Amino acid sequence: MNLRDRIVDALFPKRCVFCGTVVPQGASACPVCLEKAPCVEEPICPACGRGKAFCACHHRTYAFTGCAAAFYYEGVVKTGIARLKFHGHQSAARGFAALAFSAAQRVTATTPVDLVTAVPLSRRGMRERGYNQSALFGHALADLLTLPYAETLEKPFHTKPQHTCGGVERWGNVFGAFTVRGDVCGKQVLLTDDILTTGATLHECARMLLLAGAADVRCVTIACVR
């Protein structure tokens, strides 16, 4: 390690995406948290991204053709995503992207992807949080996949936070909430978000991308609700 890298490590040490403990350069999480993090394991439902024992599709047809998640939204994973989403730890997005890389490969292996995009926040949401955690995750994942990232979606008006809505209400809450502003005609799109719960948000974003001419939409999230 050269002097510059040593100085960077001293001033800006890498931290575990889950608990914030300092970890070596090249690591995304500490061994203790990695041991506790509930990974999504084979066999996996290709539609909702959960292990087949926890598949929640119920024969629902989504606008996206496949989804993958690295973890279940529990324990240290829930804590880590809260650090990223609500407590300003934006650097965790890159660590989560590294941990979700193999999940992304599951949904990109058969057909090459043209671009990565993310579920957007409304202007009010951006003002309140200051950043879009899904876009940070998407940017980092695009870098690892050596793919371009594009802000192709926008959210013109504010809606209730999805976590405050019941299962059925989530679908109505996001219906018509997104528009497409970029050129996606004929493109294979990889759509990113932090958490998959019912799939309503990803479905609505994918639906709008397809209406705008996208050839196909697949999704990757950090975690999914078991």
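## Reading the cores, a pocket and salt bridges in a predicted model

The protein chain of this predicted model has nine helices and six strands as its secondary structure.

User: How much of the protein chain is buried?

Analyst: Of the 226 residues in the protein chain, 49% are buried. Contact range adds to that picture: among contacts between residues at least 6 apart in sequence, 71% join residues at least 24 apart.

User: How many residues does the largest nonpolar core have, and which have the most contacts inside it?

Analyst: A nonpolar core is read as a set of buried residues joined through side-chain atoms. Here the largest one has 39 residues, and those with the most contacts inside it are F18, V77, F96, F137, L141 and L190.

User: Which elements give two or more residues to this core?

Analyst: Both helices and strands do. The helices are α3 (75-86), α4 (92-99), α5 (101-108) and α7 (133-145), and the strands are β1 (66-72), β2 (115-118), β5 (188-196) and β6 (216-224). Helix α7 supplies the largest share of the core, six residues.

User: Which residues does L141 touch, leaving out those up to four places away in sequence?

Analyst: L141 touches A97, A100, F101 and A104, and also L190, T192 and V220. L141 itself is among the residues with the most contacts inside the largest core, as is L190.

User: What other core lies apart from the largest one?

Analyst: Another core, of 31 residues, lies apart from it, and includes Y72, F178, L202 and V217.

User: Turning to pockets, how much space lies in the second largest pocket, and which residues are closest to its centre?

Analyst: A pocket is read through its volume and its lining. The second largest pocket holds about 280 Å³ of space. Its lining has 14 residues, and K14, R15, S91, A92 and G95 are the closest to the centre.

User: Which element gives the most to that lining, and how do the lining residues divide into nonpolar, polar and charged?

Analyst: Helix α4 gives the most, with four residues. By class, the lining has six nonpolar, four polar and four charged residues. Helix α4 is also one of the elements that give two or more residues to the largest core.

User: How many salt bridges does the structure hold?

Analyst: There are seven salt bridges. Each can be read by its N to O distance, its place in the chain and the exposure of its two residues. E128 and R124 are one example, with their side chains meeting at 2.9 Å, N to O. Both lie in helix α6 (residues 123-129), four residues apart, about one turn of the helix.

User: Are E128 and R124 buried, partly exposed or exposed?

Analyst: E128 has a relative accessible area of 57%, so E128 is exposed. R124, with a relative accessible area of 42%, is partly exposed.

User: Where do R207 and E204 lie?

Analyst: R207 and E204 are both in helix α9 (residues 200-211), three residues apart, about one turn of the helix. Their side chains meet in a salt bridge of 2.6 Å, N to O. R207 is partly exposed, with a relative accessible area of 24%, whereas E204 is buried, with a relative accessible area of 2%.

User: Are D216 and R218 buried or exposed?

Analyst: The cut-off for buried is under 20% relative accessible area. D216 counts as buried because its relative accessibility is 13%, and R218 counts as buried at 5%. The side chains of D216 and R218 meet in a salt bridge of 3.0 Å, N to O.

Terms used:
Residues are numbered from 1 along each chain as its sequence is written. This is a predicted model: local features need pLDDT of at least 70, side-chain atom pairs count only at pLDDT 80 or more; totals for chains, interfaces and linings use all residues. Side-chain values use heavy atoms; hydrogens and water are left out. A nonpolar core is a set of buried Ala, Val, Leu, Ile, Met, Phe, Trp, Tyr and Cys residues joined through side-chain atoms within 4.5 Å. Buried means under 20% relative accessible area, exposed over 50%, partly exposed in between (1.4 Å probe, protein chains only). Contact means heavy atoms within 4.5 Å. On a 1 Å grid over the protein atoms alone, a cavity is a set of points where a 1.4 Å probe fits but cannot get out, and a pocket is an open set with protein on both sides within 12 Å along at least five of seven lines; lining residues have an atom within 4 Å of a point. Ala, Val, Leu, Ile, Met, Phe, Trp, Tyr, Cys and Pro count as nonpolar, Asp, Glu, Lys and Arg as charged, and the others, Gly among them, as polar. A salt bridge is a side-chain nitrogen of Lys or Arg within 4 Å of a carboxyl oxygen of Asp or Glu.
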